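Student: I should like to learn how to read the features of a protein model one at a time. May we work through an example together?

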Amino acid sequence: MASRNIVYIREFDKFDSMGNSICRNTGCQNLVKYPFRKYCSKGCSKQFEKWYYHNFYWERVRSDIFKRDNYTCQICRKKYPYTYRKKFARSKRLECDHIIPRSLYKELGFRFDSLDNKIKTITEFLHSHDNLRTLCKECHKGVTKEYLQCPTDLYLKNKNLTHV
Ligand SMILES: [Zn+2]
Ligand SMILES: [Zn+2]
């Protein structure tokens, strides 16, 4: 599973029964209006793009987590230097860890078979801020190794996760 752009923005394109483009913004049924190509207004364009990038664009999500955690590893508590590139925080030493590993999405009942399910899987699990934390490379290696050495069933049981 790719870690960036796992829901493409064009998947939100909408059309009426005549094939005319409808505004992408959630809940908006207005026709697309010039000069916008995908939206009815500047308000809808701003609102939708903000929602999309904060939820689906990995660089944006990761940057938000680094910032929330004050660029500090949540295990060893060391703070590391970071830089900003194109509005996204990045660091040579810091990584964004999924507290419950990404590969367990199926075991937790999440699916990727429709746009609605993709949105749910991403916003409630893969990119959920509750499931993400900042770790330094060394600590990240440690938790990944621990997870890989533990059988999935036992892992889910130990973490008290529902096995569906
Ligand atoms: Zn609109
Ligand atoms: Zn650390």
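Student: Which residue is the bridge partner of Asp 97 in E6?

Tutor: This is a predicted model, and the reading applies to it as such. The partner of Asp 97 is Arg 133 of E6. One position further along, His 98 faces Leu 132 in E6.

Student: How many bridges join E5 to strand E6, and how do the strands run?

Tutor: Pairing of strands is read from their bridges, with at least two required. Here five bridges link E5 to E6, residues 132-136, and the two strands run antiparallel.

Student: How many residues of E5 are buried?

Tutor: The general idea is to count C-beta neighbours: a residue with 20 or more others within 10 Å is buried, and one with 12 or fewer is exposed. In E5, residues 94-98, four of the five residues are buried, and the strand is mostly covered. Glu 95 belongs to this strand and is partly exposed, because its 17 other C-beta atoms within 10 Å fall between those limits.

Student: With which residues is Glu 95 in contact, its neighbours within four places in sequence aside?

Tutor: Glu 95 is in contact with Leu 135, Lys 137 and His 140. Another relation can be read from C-alpha positions: Glu 95 and Arg 133 lie 38 residues apart in sequence, with 8.4 Å between their C-alpha atoms.

Student: Why is E6 described as largely enclosed by the rest of the structure?

Tutor: Five of the five residues of E6 are buried, so the rest of the structure largely encloses the strand. Its two faces can also be examined separately. Leu 132, Thr 134 and Cys 136 are buried on one side, while Arg 133 and Leu 135 are buried on the other, and both faces are thus covered.

Student: Which residues of H2 are buried, and against which strands do they pack?

Tutor: For a helix, one identifies the buried residues and then looks for their contacts. In H2 the buried residues are Val 61, Arg 62, Ser 63 and Phe 66. The buried residues of this helix pack against E5 and E6, and also against strand E4, residues 88-90.

Student: What is the phi of Asn 70, which follows H2?

Tutor: Most residues other than glycine have a negative phi, and most peptide bonds are trans. Asn 70 has a positive phi of about 55° although it is not a glycine. The residue lies in the loop between helix H2 (58-68) and strand E3 (83-85). Tyr 71 is found in that loop, between H2 and E3, and its phi is likewise positive, near 55°.

Student: Are Asn 70 and Tyr 71 exposed or partly exposed?

Tutor: Asn 70 is exposed, because 8 other C-beta atoms lie within 10 Å. Tyr 71 counts as partly exposed, with 17 C-beta neighbours inside 10 Å.

Student: Where is the peptide bond that is cis?

Tutor: The bond from Tyr 34 to Pro 35 is cis, with omega near 5°. Pro 35 is placed in the loop between strand E2 (21-22) and helix H1 (42-56).

Student: Is Leu 148 buried or exposed?

Tutor: Leu 148 lies in helix H4, residues 137-148. The residue is exposed, with 10 other C-beta atoms within 10 Å. A C-alpha distance of 9.9 Å separates Leu 148 from Pro 101, although their positions lie 47 residues apart along the chain when counted as sequence separation.

Student: How should the chain as a whole be read?

Tutor: One begins with the order of its elements. There are five helices and six strands, in the pattern β-β-α-α-β-β-β-α-β-α-α along the sequence. The C-alpha trace spans about 55 × 40 × 20 Å along its principal axes, and 15% of the 164 residues count as buried. Of the contacts with a separation of 6 or more, 51% come from residues 24 or more positions apart.

Student: Which domains does the domain assignment give, and how many residues are in contact between them?

Tutor: The assignment gives domain 1 (10-55) and domain 2 (57-164). Their C-alpha centres are 30 Å apart. Four residues of domain 1 are in contact with seven residues of domain 2. On the side of domain 1 that touches domain 2, one residue is nonpolar, two are polar and one is charged.

How values were computed
Residues numbered from 1 in each chain as written. Chains lettered and ligands numbered in written order. Predicted model: local features only at pLDDT ≥ 70, side-chain atom pairs only at ≥ 80, totals over all residues. Contact = placed C-beta atoms within 7 Å. Domains from an automatic or database assignment. Nonpolar A, V, L, I, M, F, W, Y, C, P; charged D, E, K, R; others polar.
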